[in-house]
Amino acid sequence: MFQYITFRSGMAVIFSLLMATFIGKRVIKMLQKQQIGEVVRDLGLEGQYQKRERPPWGD
């Protein structure tokens, strides 16, 4: 089964998505603890302050 390239590539995709999910949440929380986030300018737009305390790439 491990000799098929489709199986290996599929497992690599699944494994990388799982790693990004679990490690990504920890990295975002660590960056929030260090107060690394976006600077939000006042443009008068709805919902712009929801991303104030978040790193630029994460939810």
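**A one-helix chain, question by question**

Trainee: How many helices and strands are there in the chain?
Mentor: Keep in mind that we're looking at a predicted model. Strands are easy here, as the count is zero. The full tally for the chain is zero strands and one helix.

Trainee: How far does α1 reach from its first C-alpha to its last?
Mentor: Start with its 29 residues. At 1.5 Å a residue, you'd expect 42 Å. The model comes close to that, with a reach of 41 Å.

Trainee: Where is the kink in α1 centred?
Mentor: Look along residues 5-33, which make up α1. The helix bends there by about 25 degrees, and the centre of that kink is Ile-23.

Trainee: Is Met-19 buried, partly exposed or exposed?
Mentor: First find Met-19 in helix α1. Buried needs under 20% relative accessible area and exposed needs over 50%. Met-19 has 38%, so it counts as partly exposed.

Trainee: What is the area of the nonpolar surface patch that includes Met-19?
Mentor: Met-19 shares this patch with residues including Phe-15, Phe-22 and Ile-23. Ile-23 is also the centre of the kink. Together, the members of the patch make a nonpolar surface of about 860 Å².

Note on methods:
Residues are numbered from 1 along each chain as its sequence is written. This is a predicted model: local features need pLDDT of at least 70, side-chain atom pairs count only at pLDDT 80 or more; totals for chains, interfaces and linings use all residues. Side-chain values use heavy atoms; hydrogens and water are left out. Patches are made of residues with over 30% relative accessible area and no salt bridge: like charges are joined within 9 Å, nonpolar side chains (Val, Leu, Ile, Met, Phe, Trp, Tyr) within 5 Å. Accessible areas come from the Shrake-Rupley method with a 1.4 Å probe; for residues, only the protein chains shown count as cover. A salt bridge is a side-chain nitrogen of Lys or Arg within 4 Å of a carboxyl oxygen of Asp or Glu. Helices (H or I, at least four residues) and strands (E, at least two) are DSSP runs, numbered from the N terminus. Buried means under 20% relative accessible area, exposed over 50%, partly exposed in between (1.4 Å probe, protein chains only). The expected span of a helix is 1.5 Å times one less than its number of residues. The bend at a residue is the angle between axes fitted to the seven residues ending there and the seven starting there.
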